[in-house]
Amino acid sequence: MKEKRSGELFERAKLHIPGGVNSPVRAYGAVGRIPRFIESAKGARITDVDGNEYIDYVCSWGPGILGSAHPEVVGAVQKACEDGLTYGAPTEKEVELAELISELMPSMEVSRLVNSGTEAVMSAIRTARGYTGRDKIIKFRGCYHGHSDGLLVKAGSAALTTSVPDSAGVPEADTVNTLIAEFNDEVSVAELFLANPGNIAAVIVEPVPANMGVVLPKWPFLTFLRDITNQNGALLIFDEVITGFRLGLGGAQEYYKIQPDLTTLGKIVGGGMPLGAYGGRREIMNMVSPVGPVYQAGTLSGNPVAVTAGLTTLRILKRDPAIYTRLEEKARILADAAREAGEGDVSVNQLGSLMSIFFRGGGVNDYEHAVGSDTDAYAAYFGYMLDHGIYLAPSQFEAMFVSDAHTEEDIMKTCEVMRGYLQM
């Protein structure tokens, strides 16, 4: 495929943008290719500046559950733009979106709109600390919760008790209250509670991690988290930035029948525009200013254009809940094809419209399994798929997203190309 124009733009971009991209994975550094600069997207297809068209399974890293440029969403956004891009004042649509979020996710009785998933998580943790009067939080190795300082950590040599910064520029003092546990490992969580009695404000978790590739929670791990936080007076925060409205109208909490204390949302809630939200029980959210002492604000929070995109998207999903059956079927076909073609050489995790192919046998249930995958093999697979018109995430450790716009023809072609590589 042609890549001359993308290559030229990449060289120009590197002069004025760090690494030539505005988010690291877009640089294609893990797959050794030139990043594709995108010119347009429609439905399940995305087109780069060299005129190459691809079947898109990145879906803007999750928001594109309806596909790109859905006409109803675009029409609503165009009208919203004509009414003004930003007011810095309340709007009726903010109220409507908050009401709809609460209807679809009853645990989010009260919510606050922000501009990104990172901001939602940062604010939810601050709220949890303000509500409990405690400082420490537990997160899980391999779960990503945005790039705020206190969450950019990994386990040190004493994995259950200490954390060190996982990014330059993050002072160690900003991470001392972040404790690291292992996903799907109940003992690692219990030991942290025993070692920090009365000091843990919250446990934050991606109920279905999708940032070390898709990893499924073992039964009854999420129930265990709900029980141990209740027993210790800590809050349970579900980071549903990816799973929110993707696994179903009620997200992972509806799918697994677990009610968290706080939830963070992003991606689909904005319908393709920059928007996030966090929320929970009224008594907890009453800690947030201007009602309570936990300060959080934002000039563009509740931006009318972004709210319109999100509100329209959620209304479409509510109007046609059969979309989730269609998404599950499409993703299952892809997963089954990959398992059959790559038997013994790959592990495939799939839930709803989320999927990952790991280049290792034996299954992937946690961080250690995920990072034990053959990333060189994934890079070769990525390049083959890209050269054959299939647009995947340029990293072993990101999810594959299926949208309602993917047709039977798209799925069959993807299976054919995938088998072509995995059976070589």
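**Close-up 1. The surroundings of Asp261.** Setting aside neighbours within four places in sequence, Asp261 is in contact (heavy atoms within 4.5 Å) with Arg226, Ala234, Leu235, Leu236, Gly279, Gly280, Arg281 and Ile284. This is a predicted model, in which local features need pLDDT of at least 70 and side-chain atom pairs pLDDT 80 or more, while totals for chains, interfaces and linings use all residues. Residues are numbered from 1 along each chain as its sequence is written, and side-chain values use heavy atoms, without hydrogens and water.

**Close-up 2. Asp261 and its polar partners.** You will find Asp261 in the loop between helix H7 (251-255) and strand S11 (262-265); helices (H or I, at least four residues) and strands (E, at least two) are DSSP runs numbered from the N terminus. Asp261 counts as buried (under 20% relative accessible area, 1.4 Å probe, protein chains only) because its relative accessibility is 6%. The side chains of Asp261 and Arg226 are joined by a polar contact of 2.7 Å; such a contact is a pair of N or O atoms within 3.5 Å, one able to donate a hydrogen and the other to accept it, and residues adjacent in sequence count only if both atoms are side-chain atoms. A polar atom of the Asp261 side chain also lies 2.8 Å from the backbone nitrogen of Leu236.

**Close-up 3. The largest cavity.** About 100 Å³ of space lies in this cavity, a set of points on a 1 Å grid over the protein atoms alone where a 1.4 Å probe fits but cannot get out; the volume is the space filled by probe spheres set on the points, which are joined across faces, edges and corners. Its lining residues (an atom within 4 Å of a point) include Met355, Tyr378 and Glu398. Strand S14 gives the most to the lining, with 3 residues.

Note on methods. 1 Å grid on protein atoms, 1.4 Å probe; cavity = no way out; pocket = protein on both sides within 12 Å on 5 of 7 lines; lining within 4 Å. Buried < 20%, exposed > 50% of the residue type's maximum accessible area, 1.4 Å probe, protein only.
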